[in-house]
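Q: I am new to this structure and would like to learn how to read it. Could we go through it together, feature by feature?

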Amino acid sequence: MRQLRSGVCLLHARIRDEAVSGWAWTALALYLGWAGFAFGVRAAVQYRRTGDAGFRGISGRLGEASWWAGVLFVTALLGGTAAPVAALAGLPTAAVPAVQWTGLMVTLAGMTATLAAQTNMGTSWRVGVDAGERTTLVTGGLFVYVRNPVFTAMTVTAAGLALMVPNWVSLLALTCLVAAIQLQVRVVEEPYLKAVHGAAYTAYTTRTGRFLPRSGRLTA
């Protein structure tokens with residue numbers, strides 16, 4: 001009887017490990033494909049249209065809030081790869097099919113929304129901010145509903161991936177991304193857009209939420 005129970009436990013453990021591996025490989029493939037399109041393909045399209053790939057790098061000086069935004073953003077991107085790799089390497093990772101299927105649906109929705117929002121930006125798409133640069137204020141497409149749909153969609157994607165591969169690395173990556181986005185938007189991008197677009201941007205902020213519809217609207 002003990003041998004039977006031991007055999008059943010080993011079988012369950014093997015099935016669980018195979019399930020974790022399957023979800024980790026799926027999450028890794030989706031993440032790398034999404035990152036490739038969101039940054040690589042998008043930069044190539046931007047360069048073809050404008051002669052500029054759109055990358056502006058990390059803002060601010062060492063230790064400033066804007067600098068930390070960039071560092072946390074890079075950490076989050078690396079964490080998106082590290083989480084499934086760590087799961088494949090044996091890091092304890094939960095295996096709850098209902099949670100992971102939900103994560104897959106959330107991830108696909110976030111990825112689709114990311115690419116749609118980037119497309120809405122047209123030639124104004126940038127990674128980072130150059131304070132001396134002036135781009136068109138985008139208020140159409142998904143930007144009708146929120147001021148930062150790319151960041152909202154990226155957060156949804158990261159949350160979905162964390163559900164697909166629920167371990168401490170994926171949770172850390174999600175936390176870093178949320179912190180990076182909050183700093184980047186509040187400390188870097190909003191002051192820049194207000195300085196460049198003035199009253200037009202102020203009016204936009206009063207009617208459109210920051211990350212969610214009707215949430216985070218500013219007072220003129």
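Q: Which residues are linked in a network of salt bridges?
A: Good place to start, and please keep in mind that this is a predicted model. To spot a salt bridge, look for a side-chain nitrogen of Lys or Arg within 4 Å of a carboxyl oxygen of Asp or Glu. Here, the residues joined in such a network are Asp-52, Arg-56, Arg-126 and Glu-133.

Q: How far apart are the closest N and O atoms of Arg-56 and Glu-133?
A: They are 2.9 Å apart, and the two residues form a salt bridge. Arg-56 sits in the loop between H1 and helix H2 (65-88), while Glu-133 sits in the loop between helix H3 (97-121) and helix H4 (149-164), so this pair ties together parts that are 77 residues apart in sequence. Glu-133 also meets the side chain of Arg-126 in a salt bridge, with 2.8 Å from N to O.

Q: Is Glu-133 buried or exposed?
A: The idea is to look at relative accessible area: under 20% is called buried, over 50% exposed, and what lies in between is partly exposed. Glu-133 has 16% relative accessibility, so it counts as buried. With 22%, Arg-56 counts as partly exposed. Arg-126 is partly exposed as well, its relative accessible area being 22%.

Q: How many salt bridges does the count come to?
A: The count is six. One of them is a salt bridge between the side chains of Arg-210 and Glu-190, at 2.8 Å from N to O. That pair links distant parts of the chain, with Arg-210 in the segment after helix H6 (199-207) and Glu-190 in helix H5 (residues 168-197), 20 residues apart. Both Arg-210 and Glu-190 are buried.

Q: Let me step back to the whole chain. How many helices and strands does it have?
A: Follow the backbone from one end to the other and note each element as you pass it. In this chain you will find six helices and zero strands, which reads along the sequence as α-α-α-α-α-α. For the overall dimensions, the C-alpha trace spans about 80 × 35 × 35 Å along its principal axes.

Q: What share of the residues in the chain is buried?
A: Of the 220 residues, 40% are buried. Turning to the surface, the chain exposes about 11800 Å², and carbon and sulfur atoms supply 67% of that area. You can also look for places where nonpolar side chains gather on the outside. Phe-37, Val-41 and Leu-115 make a nonpolar surface patch of about 250 Å², and Phe-37 belongs to helix H1 (residues 2-50).

Q: How far apart are the mean positions of the positive and negative charges?
A: For this, you average the places of each kind of charge and compare the two points. The chain has 18 positive and 8 negative charges, and their mean positions are 8 Å apart.

Q: Among contacts between residues at least 6 apart in sequence, what share joins residues at least 24 apart?
A: The share is 77%. A single residue makes this easier to picture, and Ser-66 in helix H2 is a handy example. Its C-alpha atom is separated by 6.3 Å from that of Val-187, although the two residues are 121 residues apart along the chain. Not counting residues up to four places away in sequence, Ser-66 touches Ile-58, Ser-59, Gly-60, Val-187 and Val-188. Ser-66 has 10% relative accessibility, so it counts as buried.

Q: Which residues is Gly-160 in contact with, leaving aside its neighbours within four places in sequence?
A: Those are Gly-103, Val-106 and Thr-107. Gly-160 itself lies in helix H4 and is buried, with a relative accessible area of 0%. For another pair, compare the C-alpha atoms of Gly-160 and Arg-214: they are separated by 23 Å, with the two positions 54 residues apart along the chain.

Q: What is the phi of Arg-214?
A: Phi is a backbone angle, and here its sign is the thing to look at. Arg-214 has a positive phi of about 70° although it is not a glycine. You will find Arg-214 in the segment after H6. At 68% relative accessibility, Arg-214 counts as exposed.

How values were computed. Residues numbered from 1 in each chain as written. Heavy atoms only, no water. Helix = DSSP H or I, 4+ residues; strand = E, 2+ residues; numbered from the N terminus. Buried < 20%, exposed > 50% of the residue type's maximum accessible area, 1.4 Å probe, protein only. Contact = heavy atoms within 4.5 Å. Areas by Shrake-Rupley, 256 points an atom, 1.4 Å probe, with all protein chains shown as cover. Lys, Arg positive; Asp, Glu negative; His and termini not counted. Charge placed at Lys NZ, Arg CZ, Asp CG, Glu CD. Patch = residues over 30% accessible without salt bridge, like charges linked within 9 Å, V, L, I, M, F, W, Y side chains within 5 Å.
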